[in-house]
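Hello,

Here is the structure I promised to hand over. Please open it and keep it in view while you read my notes below.

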Amino acid sequence: FKKRTLAIVATACGLAGLAPEVAIAQDTRVEALERRIRELEERLEKVVPASTPGKDKTIEPQVQQLDQKVKIIERKLEVEKEVSDANWAKLPKAELGTRGLYVETQDGNFQMYLRALIQADGRFFISDSNANPRNTNGDPLNDQFLMRRVRPILQGTLYKFFDYRLMPDFAGSQTRLFDAYLDIRYLREASLTAGKFKAPVSLERLQSASNLTFTERAYPTQLAPNRDIGVMLHGEFDKPGFSSQRSFNLYNFPEFFTYQVGVFDGTGNNGNIDGDTNDSKAFE
């Protein structure tokens, strides 16, 4: 068959005026090109398989399953993020600054302040001579530096309406309890305090030691009680149309009106007692 084809090609070439060798070379070239095309088609089929109706029906459920799994994973991630955000929202807010260490819940119903009051003093006497080394009280007049007040202070709020305060003092190599009370402040106009705190007698005594002009208070303050144990009703009233901020201090003095009245164990001048020795009580 091939010989007949070549003979026919040779005859055609003779009729066309071409040499038989040239016609055979062109035929060989065409065969090589056809063979090359078939090789490329086979390679293409291996890389991209021809899609058939049977294959599409098999692949489609797999694609749907993968899509469903991706959606489930995305939803799980969304739920985990929502749970994480909710947990972070429940954590209390904490701040360390001029107010000391401050911790507060997100709703503000629970608060805690941790800070300290430290005051140092230096005392030097110009009349402290060797001839008269003691004063009329028999105390030595030594020039000295001393720690006047060393007081850690813990205070805050419980359940929004219950304020508390705990303050010991470590100055003078002694440990004394100055404040330990609970103040129920549901209404600013009528709050109830119980525990150990400043008695409502001397105005200068009611000032905080951190707000005094000097380290020591004036001598008339020594004639009033210091800390006493008892129960006190107190309240504050603002001017009409004006509202001041709520404060942790027991004794606030707005510009309009304030009052304090209580029953205490009773203590001596400048006294700081932790109990009573008789049945009598003091109304202050």
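Start with Asp163 and Arg185, which form a salt bridge in this predicted model. Their closest N and O atoms are 3.6 Å apart. Asp163 sits in strand S5 and Arg185 in strand S6, so the bridge ties together parts that are 22 residues apart in sequence. Buried or exposed, for Asp163? Asp163 is buried, because its relative accessible area is 2% and the cut-off for buried is under 20%. Arg185 is buried too, with 6%.

Now look at Asp179 and Arg165. They also form a salt bridge, with the closest N and O atoms 3.0 Å apart. This pair again links distant parts of the chain: Asp179 is in strand S6, Arg165 is in strand S5, and their positions lie 14 residues apart in the numbering. Asp179 is buried at 4% relative accessible area. Arg165 is buried at 13%.

A further bridge joins Asp169 to Arg176. Here the closest N and O atoms are 3.7 Å apart. Asp169 is buried, with a relative accessible area of 0%. Arg176, however, is partly exposed at 35%.

How many salt bridges does a search of the whole structure find? It finds 19. Some of them join up: Asp121, Arg123, Arg148 and Glu216 are linked in a network of salt bridges.

Next, the aromatic rings. There are eight aromatic pairs. One of them is Phe197 with Phe264, an edge-to-face pair. The ring centres are 5.5 Å apart, and the planes meet at 70°. Phe197 lies in strand S7 and Phe264 in strand S9 (residues 257-264), so to speak two distant parts of the chain, 67 residues apart. Phe197 is buried, at 0% relative accessibility. Phe264 is buried as well, at 1%.

Compare the pair of Phe237 and Phe257. Its ring centres are 5.9 Å apart and its planes lie at 45°, so this pair is tilted. It too links distant parts of the chain, with Phe237 in strand S8, Phe257 in strand S9, and 20 residues of separation. Phe237 is partly exposed, at 29% relative accessible area. Phe257 is partly exposed, at 44%.

Which residues form an aromatic cluster with Phe197 and Phe264? The answer is Tyr181: these three make one cluster.

On to the surface. Leu182, Ile184, Tyr186, Leu187, Leu192, Val231 and Leu233 form a nonpolar patch there. Together they have about 600 Å² of accessible area. Two elements give two or more residues each: strand S6 (176-187) and strand S8 (227-237). S6 supplies the largest share, four residues. Leu192 belongs to strand S7 (residues 190-198). Leu192 is partly exposed, with a relative accessible area of 39%.

Two backbone angles deserve a look. Most residues other than glycine have a negative phi. Ser173 has a positive phi of about 55°, although it is not a glycine. Where is Ser173? Ser173 lies in the loop between S5 and S6. Ser173 counts as exposed, at 78% relative accessibility. Asn270 also has a positive phi, near 60°. Asn270 lies in the loop between S9 and strand S10 (282-283). Asn270 is partly exposed, at 33%.

Last, how far to trust the model. The mean pLDDT of the chain is 81, and 81% of its residues reach 70 or more. Which element has the highest mean pLDDT, and which the lowest? Strand S5 (residues 162-169) has the highest, 96, and helix H1 (residues 2-16) the lowest, 45. Over residues 1-18, pLDDT stays under 50. For that stretch the model has six contacts beyond four places in sequence. Where pLDDT is low, the predicted coordinates should not be read in detail.

Over to you.

Best wishes

Methods
Residues are numbered from 1 along each chain as its sequence is written. This is a predicted model: local features need pLDDT of at least 70, side-chain atom pairs count only at pLDDT 80 or more; totals for chains, interfaces and linings use all residues. Side-chain values use heavy atoms; hydrogens and water are left out. Patches are made of residues with over 30% relative accessible area and no salt bridge: like charges are joined within 9 Å, nonpolar side chains (Val, Leu, Ile, Met, Phe, Trp, Tyr) within 5 Å. Accessible areas come from the Shrake-Rupley method with a 1.4 Å probe; for residues, only the protein chains shown count as cover. A salt bridge is a side-chain nitrogen of Lys or Arg within 4 Å of a carboxyl oxygen of Asp or Glu. Buried means under 20% relative accessible area, exposed over 50%, partly exposed in between (1.4 Å probe, protein chains only). pLDDT is the predictor's confidence in each residue, from 0 to 100. Contact means heavy atoms within 4.5 Å. Rings of Phe, Tyr and Trp (its six-membered ring) pair if their centres lie within 6.5 Å; planes under 30 degrees apart count as stacked, over 60 as edge-to-face and the rest as tilted.
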